[in-house]
Amino acid sequence: MGYEPQADFGTPASTAETLVTLTIDGRSVTVPAGTTVMRAAAECGGSIPKLCATDSLKQFGSCRLCLVEIDGARGTPASCTTPVAEGMTVHTQTPRLQKLRKGVMELYISDHPLDCLTCSDNGDCELQDQAAAVGLRDVRYGYSGENHLGAMPDLSNPYFDFDPSKCIVCSRCVRACDEVQGTLALTIDGRGFGSKVSAGLASDDFLSSECVSCGACVQACPTATLQEKSMKEIGKPERSVVTTCAYCGVGCTFRAEMRGEQLVRMVPWNDGKANHGHSCVKGRFAWGYANHQDRITKPMIRASIDEPWQVVSWDEALAHMASEIRRIKDKHGARALGGVTSSRCTNEEAYLVQKLIRAGFGANNVDTCARVCHSPTGYGLSQTFGTSAGTQDFDSVMDSDVILVIGANPTDAHPVFGSRMKRRLREGAKLIVIDPRRIDLVRSPHIQAQHHLALQPGTNVAVLTAMAHVIVTEGLTDETFVRERCEVDAYEEWARFVADQRHSPETLEPVTKVPAAELRAAARLFATGGNGSIYYGLGVTEHSQGSSTVMSIANLAMVTGNIGRKGVGVNPLRGQNNVQGSCDMGSFPHELTGYRHISDDAVRGQFEADWGVALDPEPGLRINNMLDAAVDGTFRALYVQGEDILQSDPNTHHVAAGLKAMECVIVQDLFLNETADYAHIFLPGSTFLEKDGTFTNAERRIQPVRKVMEPANGYADWEVTQLMANALGMDWSYTHPSQILDEIARLTPTFAGVSWERLERDGSLQWPVNDTFPEGSPIMHVDNFVRGKGRFVVTDYVPTDEKTGPRFPLLLTTGRILSQYNVGAQTRRTANTAWHPEDLLEIHPSDADNRGVKSGDWVKLASRTGETTLRALVTDRVAPGVVYTTFHHPATQANVVTTDFSDWATNCPEYKVTAVQITPSNGPTGWQEDYASWSERSRRIAASINVEAAE
Amino acid sequence: MSSTADRLIYMANQIARNLATMGDDAAALTTANHIKQYWEPRMIAQIKGTDQSALSPIAARAIGLIHGTGPFHVRTAEPASIDGTGPCDAG
């Protein structure tokens, strides 16, 4: 079959329900009303020549190549701008059309380099294809007229080039940046013959402009003008494999376009249900980390963390691991062992790690990174709705009328979904943003939030309770929904609570710092503006009242009747590519797959029967409790797969102390990460390109991950876990992840209908998938809540114990940036460092002035927990009294300052509220320098004995 | 928060404070249930074994309600769920 570009129907599909039948070149075709003639032709096997049209963008009508003749209509209309009509008869090829099309092509080619054979788009160029399609044989104007062949290429972007000499000014790139991405970084500068694509001002190039390097323009470009550098270097792909991105919880589907085992480029798959053919800089371009020089491909062990690593064979590493685990188990008991599953590895892999720990180690001490991000979502939504996941799919946003974004920054952290949301906002939906910081979404091209409630960090519950107060006291409750779908007693108790005067916006204003009138207006808008949907992120969960905030959000959705259909719902924006899956797979210490408590005899019995071993019926330790127990001496061994707790968990000193106290730390990862500084056994892991399996995104959508190359370390991650299990005496014999998926389906009612074969056939499935929902569940709680009736839960505002004071007068909150991903383990090892080479501290001008700080200065960031130094960025995006930074670079050590405070129900760390002081500094702190040198020492790898001495 | 015991006392007090609006009896019972559902046995043993004077009244009552090992469900009947997921989720 070889390499085929993705089908392009020319113009977007129509969603109309009425159908129209017409005839194109003698063939009858039936399509929805509103479909263009161009698309109708493509759908019945034809292909009208086109250059300025592509089906991800609205029709433009500029190239004049797609002209057709229609019986009864005058002239030669453009098929891209002509909608179909019942009984229409279209001719796409006539002598007149041929002449016209050739004329258009002659003009294009008279100003185009004729280096097809050496051009990077050779064989993949739409201009070439159309020149062939129209039968171009000569260009009567010759080639010596005015032209653009001398235009200088712009090579500034690390991933793609812009060569204006090949540009045909079809404007597809400009339109893609507008309609698909919503950044509007590109424009056509000049007029007439002088028109050219410009990335902003004349002084900008792509890197300095507002371009976010999403690649939409590169995808849209029909020629080699915008072209991936990798395509230039390698050549045209020979085959493509559809797989799922391993970065964030949007879970974009890509085609990995390969030549042999070399990845040429990742191109978004148009049929991807989460991304619909769009991508962001990370998934699209930042995959080079798989081949980075830091990648470790051989197992290593060492007796103590002060020694360099010794490279050993797999057999030796596994034998050593087994003997250590057995020794520690014999001496200290099974409960001294534990592990952390990865939310970046596949569902099958998370399942095997928790199986290894429960059935192999013999303890329930397994946890996952959701502990530090969305565990409050799990608790809060299960208490109110009965299930711990978002209620909608991403497409639901397109039916929303009022969008409430709280504690989330989708344009940075879930960019592809952020672009969809922006598309809906540009169509007229209203926006309310609740965030201490003026995130990009508040005001960006063609978008402005109706209300930005810039609350004081830590007061989420107060704000949401005040909004509920407005809704209940002003009679805006959806009484019908509440009476039919919710527990009435609980509702009435809650309504009494929120209606109390002490919860009014006016009374709470001194606490929240949100003007009461603004809050009232926002509440009224949400309750009365139509379909209201809520999107939230870690700004909600990473607080001491994270679970309470989630429950407040659920209360708000229920009281306004915004559950159970498209366009509404409660949508937690899950961060990691498979954190949803990792939680589904029983990675929490107290529950098995499908969120069923370990103490439930019937459920546990089923697993014991299937796994052939008795299981501990008591809940295990969460990560932070494992660290405490380690310091106390009762927890001694930890197996960490694909997670860097030292960089990402709060209070670095506490994490380091815990790790140091353990006797056997096993790290399975691609690189020597910060946690590996304290490890005794290192097992090299594999990337998402090197294994089969499934990821589950924030929509509960299970999507296949497909292997495109052999693992550089020799084994897929699940194979490593199996090797470990068998070294410990278990007898696992999985030969393919589909068998693991079958086992999961057998043991988990919400996954009963899921299988690899089904995913191959259907592309993706949203759980629950079982007899009640045989095709999966895009929208949940449609007729009933999972728990039966929705439950209102009273959430009292309890201020955090992290207080500002004279020594620490500012509040620090943290977040993410588009180009780097979490701890940066992957993205720091790609060219994305061009955009964000270091973490910066955002500080308001008044706070900066008071301290004599300017942008670019080193500042010391100190809290009661610790201190670190980084450079400042003075901006009014943060309010006075609030500072902000990211945590993508280990050198920053941002978590040295974060506290031990955490959510009351789940121990999700309160990353978002730390009392700090900022002072000018003259460079990194002693701690950072010590840490850097300790880290460097810890990563020494002793030369292998088998290496021959160089002469 | 220095030692593990201090941390556990803080956690128990925090749970109790966040459930206080339920009224003392219900709050103590729900706190006890929460701890039994999510805390590892060592943590429960530790908090039972340590000096409890720093516990708030509700938290102290809750700790007193927790006995022995094994499953401990305050709710008498779990609401039936449609798709088989447990009614109480990730903690």
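## Chain B at a glance

How much of chain B counts as buried? Of its 91 residues, 48% fall into that class. Bear in mind as you look around that this is a predicted model.

The fold of chain B is quick to describe: there are four helices and zero strands, so reading from the N terminus gives the plain order α-α-α-α. Its contacts reach well along the sequence, too. Taking pairs of residues at least 6 apart, 69% of the contacts in chain B join residues at least 24 apart.

## How far to trust chain A

Chain A comes with a mean pLDDT of 94, and 99% of its residues reach 70 or more. One stretch deserves a friendly warning: over residues 945-949 of chain A the pLDDT is below 50, and apart from near neighbours in sequence this stretch makes zero contacts in the model. Where pLDDT is low, the predicted coordinates should not be read in detail.

## Where the two chains meet

The contact draws 60 residues from chain A and 38 residues from chain B. Together the chains bury about 4,000 Å², with carbon and sulfur atoms giving 51% of that area. If you would like a place to start looking, try A:E618, A:V786 and A:W904: these supply 16% of the area that chain A buries against chain B, more than any other three residues.

Polar groups take part as well. Between chain A and chain B there are four salt bridges and twelve residue pairs in polar contact, counting pairs with both residues at pLDDT 80 or more. One salt bridge to find on screen joins the side chains of B:R17 and A:D801, at 3.8 Å from N to O. On the chain A side, α10 (375-384), β24 (596-597) and α22 (623-632) each supply at least two of the residues that touch chain B. The top contributor there is α10(A), which gives five residues.

## Cysteines without partners

Why does a search of the whole structure find zero disulfides over all chains? Two cysteines of chain A show the distances involved. For A:C80, the closest cysteine sulfur belongs to A:C66 and lies 3.8 Å away, which is too far for a bond, since a disulfide needs the sulfur atoms within 2.5 Å. A:C80 is also buried, with a relative accessible area of 0%.

A:C167 tells a similar story: its closest cysteine sulfur, in A:C173, is 6.2 Å off, again too far for a bond. With a relative accessible area of 19%, A:C167 counts as buried, because the cut-off is under 20%.

Notes
Residues are numbered from 1 along each chain as its sequence is written. Chains are lettered from A and ligands numbered from 1 in the order in which they are written. Side-chain values use heavy atoms; hydrogens and water are left out. pLDDT is the predictor's confidence in each residue, from 0 to 100. Contact means heavy atoms within 4.5 Å. Buried means under 20% relative accessible area, exposed over 50%, partly exposed in between (1.4 Å probe, protein chains only). Buried area is the accessible area (1.4 Å probe) that two parts lose on being put together, summed over both. A polar contact is a pair of N or O atoms within 3.5 Å; within protein, one must be able to donate a hydrogen and the other to accept it, and residues adjacent in sequence count only if both atoms are side-chain atoms.
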